[in-house]
Protein chains: 2
Amino acid sequence: MSRVLNNTAPVKKSTRDRITELINKYQFQPNALARSLFKKETGMIGVILPDITNPFFPEVLSGLDQEARNKGYTFFLCDTVSTNTNGDSGEQYVRESEYLNILVEKQVDGIIMLGGRINLAKPSAELVNEVVEVCKRVPVLLINGNLPGEGMNRVYADEKVGAELATQHLIDLGHRDIAFVGGYRHMSNTLQRIQSFVKTMEKNGLKVRKEWMLDGGFSVESGKAFLNILLGLPERPTAVFCANDLVAIGVMKAANKAGLRVPHDLSLVGFDDIPYASNSIPELTTVSLKCYDVGRNAADLLHQMITKNKVSRNTKVRPELIVRESTAPPGGKGLKA
Amino acid sequence: MSRVLNNTAPVKKSTRDRITELINKYQFQPNALARSLFKKETGMIGVILPDITNPFFPEVLSGLDQEARNKGYTFFLCDTVSTNTNGDSGEQYVRESEYLNILVEKQVDGIIMLGGRINLAKPSAELVNEVVEVCKRVPVLLINGNLPGEGMNRVYADEKVGAELATQHLIDLGHRDIAFVGGYRHMSNTLQRIQSFVKTMEKNGLKVRKEWMLDGGFSVESGKAFLNILLGLPERPTAVFCANDLVAIGVMKAANKAGLRVPHDLSLVGFDDIPYASNSIPELTTVSLKCYDVGRNAADLLHQMITKNKVSRNTKVRPELIVRESTAPPGGKGLKA
DNA sequence: TTGTAAGCGTTATCAT
DNA sequence: ATGATAACGCTTACAA
């Protein structure tokens, strides 16, 4: 019967018909567990991510799914937080560890990791080692992150280019007093954005001011807080580069509340290009990390890793500046007192 | 060895130690496939939904996950569109069918469906029957939807109460000229909202105008289009009740572009209370469908269905009006010409 | 062309 | 307390 279902051997037409009839009669459905047990392949991929509620992730999931679906893969969604706690309780990492285990026990064909420990500037040896061990058993792909030790397969957006694009855009508009707010200094992606921001400023002969460099969150709420801090300063920027779009929204809301108009009084650029960015009023100028493309690439590469078992080069995707309505030349009263 | 791993029988301490040592030495990890094959339970739940990119769904997923995680379940994410096509190609339903099959083959312990066919006002017999068949093999739970034939287990937000809350809020504010825009007339949730809207209007002695009842989309883009249609009418409403938050955002953007101020010139209420709603400027008054609660309830109920195999009553959760900044008494120039 | 049996990695049962 | 074995449902190899 296996033979007629899978066309794996020649069968006489008469028996084939007899079998198919029985299949229909009993509504037979094969047991994928048993098949996988024998075949040692499950068609399942595990995706470990920090928070499905953050609109960034559904976007890359969508790309992943789009590309992997027709290759016959199904996804385990492994959300490591889901309780809407922001901040950095180590709890997130133990969840990652749990899921790592569960996924290999479930014999997934591959694992994709986003966020969490792979964005840490200095992950503990244990955190790293755990992943290294898993890598020996099943293909692991890191999206927009990395782990020390080189061996990792990854697909990522070029943070530095992205931050440069954003910064240069502001400078080209005529801004000289630019703040950078958001993110966490203990995370590598934030660090890269900051470094690239600083470098671009200096390349243009501009000074970065320490008091205008604020970190401590990726959320709307933190964005509000950042702007309020800025407002309390004796000297204020005319533009703000936000570590991500959520923070930019927060800044925009706080600015609005303070009677400032964007972009007339204050220019804003975000990062990520989540759907929010084009839905806000005014629409947010931002850097697209091409999440969807990243997702598709990741699915493709992981598939290669699974089938060909070879480490075809890491993929880097180039971000793109999306100019919308939140940036303009300085000229309003700005944030100046 | 199974015995020491699962504490399923008494073992002498000496041998237990010997075994544990070997386990560590060889980094042994049990094969969940084999276990599931024997035990006839996989700890896997399939979630079929239309589009993970729609912020509504991550919210309920989050609730699901939160509740089901500690019960040991893992989720298959089955996105039936993921190509950002809106509109109603039947393709979505064939994807649902595919996933339904895949999930039973993979021997999931339960299936949760959201959106898609279970929101159809008149689903085809085939669409219905397919689900009925699956129900015979594995517990199926419908979230915010239904299928004709009564037997279905479901958890849902009370659409009618929600729409009544929104409508009455507008009326209490003093609005008499209220439009309803968004959704699809061929979908049952839209129909319920419309019916409840009409009923509430009539209960208050208000007339609903046919030209102010616009449907044909749940997206931001469609929201813009709806407002533009309204603007072209000889007589215009002072308030708009939108079928969901995305549409409300679209209306808000189009209003803004047309020089109208919300809520001064036009009051707006949304539906769903997705994160967008509290991030827009002005923040959106809306009806919270309590997605997160719905998700948690669903996980709980499904777990009962799986273990106790009993059909504990369907759960209905009561929506809540969230008054924010997009509604005010009529008084500006309104949409009046 | 088709029937039979071994094996995939577990767990439960039955002896020892 | 532990070792051996059947069974879960499938696929493949080998015989017939």
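Helices (H or I, at least four residues) and strands (E, at least two) are DSSP runs, numbered from the N terminus. A residue is near a molecule or strand if one of its heavy atoms lies within 4 Å of it. The model is predicted: local features need pLDDT of at least 70, side-chain atom pairs count only at pLDDT 80 or more, and totals for chains, interfaces and linings use all residues. Residues are numbered from 1 along each chain as its sequence is written, chains are lettered from A and ligands numbered from 1 in the order in which they are written, and side-chain values use heavy atoms, with hydrogens and water left out.

**Exercise 1. DNA strand D**

Task: Determine which element gives the most to the surface near DNA strand D, and describe that surface.

Solution.
Step 1. DNA strand D is surrounded by 20 residues, and the closest are A:Asn31, B:Arg3, B:Lys12, B:Thr15 and B:Lys40.
Step 2. Sugar or phosphate supplies 71% of the atoms of DNA strand D within 4 Å of the protein, and bases supply the rest.
Step 3. Consider polar contacts (pairs of N or O atoms within 3.5 Å; within protein, one must be able to donate a hydrogen and the other to accept it, and residues adjacent in sequence count only if both atoms are side-chain atoms). The side chain of A:Arg3 places an N or O atom 3.2 Å from a base nitrogen of DNA strand D. Phosphate oxygens of DNA strand D are approached by a polar side-chain atom of A:Asn6 at 3.2 Å and by an N or O atom in the side chain of B:Lys40 at 2.9 Å.
Step 4. Two or more residues each come from helix H1 (2–6) and H3 of chain A, and from H3 of chain B. H3(A) gives the most, with four residues.
Step 5. Classify the residues: Ala, Val, Leu, Ile, Met, Phe, Trp, Tyr, Cys and Pro count as nonpolar, Asp, Glu, Lys and Arg as charged, and the others, Gly among them, as polar. The surface near DNA strand D then has eight nonpolar, six polar and six charged residues.

**Exercise 2. DNA strand C**

Task: Identify the residues closest to DNA strand C and the element with the largest share of the surface near this strand.

Solution.
Step 1. Among the 20 residues that surround DNA strand C, the closest are A:Arg3, A:Lys12, A:Thr15, B:Ser2 and B:Asn31. Of the atoms of DNA strand C that come within 4 Å of the protein, 74% belong to sugar and phosphate.
Step 2. A polar side-chain atom of B:Ser2 is 2.8 Å from a phosphate oxygen of DNA strand C, and the side chain of A:Lys40 has an N or O atom 3.1 Å from a phosphate oxygen. B:Arg3 addresses a base oxygen instead, at 3.2 Å from a polar side-chain atom.
Step 3. H3(B) has the largest share of this surface, four residues.
Step 4. By class, the surface holds eight nonpolar, six polar and six charged residues.

**Exercise 3. The interface of chains A and B**

Task: State how much area chain A and chain B bury between them, and characterise the interface.

Solution.
Step 1. Contact (heavy atoms within 4.5 Å) joins 58 residues of chain A to 58 residues of chain B.
Step 2. Buried area is the accessible area (1.4 Å probe) that two parts lose on being put together, summed over both. The two chains bury about 5,100 Å², with 51% of it on carbon and sulfur atoms. On the chain A side, A:Leu33, A:Arg69 and A:Ile281 lose the most area, together 14% of what that side buries.
Step 3. A salt bridge requires a side-chain nitrogen of Lys or Arg within 4 Å of a carboxyl oxygen of Asp or Glu. Two are found across this interface; A:Lys253 and B:Glu283 meet in a salt bridge at 3.0 Å, N to O.
Step 4. There are 25 residue pairs in polar contact between the chains, both residues at pLDDT 80 or more. H4(A) supplies the largest share of the side of chain A that touches chain B, seven residues.
Step 5. Strands pair if DSSP finds at least two bridges between them. S2(A) pairs with strand S2 (residues 74–79) of chain B in the antiparallel sense over three bridges, and A:Phe75 has B:Leu77 as its bridge partner.

**Exercise 4. Within chain B**

Task: Explain what the salt bridge of B:Glu67 and B:Arg296 ties together.

Solution.
Step 1. The side chains of these two residues meet at 2.9 Å, N to O.
Step 2. B:Glu67 lies in helix H4 (residues 56–69) and B:Arg296 in helix H12 (residues 291–307) of chain B, so the pair links parts that are 229 residues apart in sequence.
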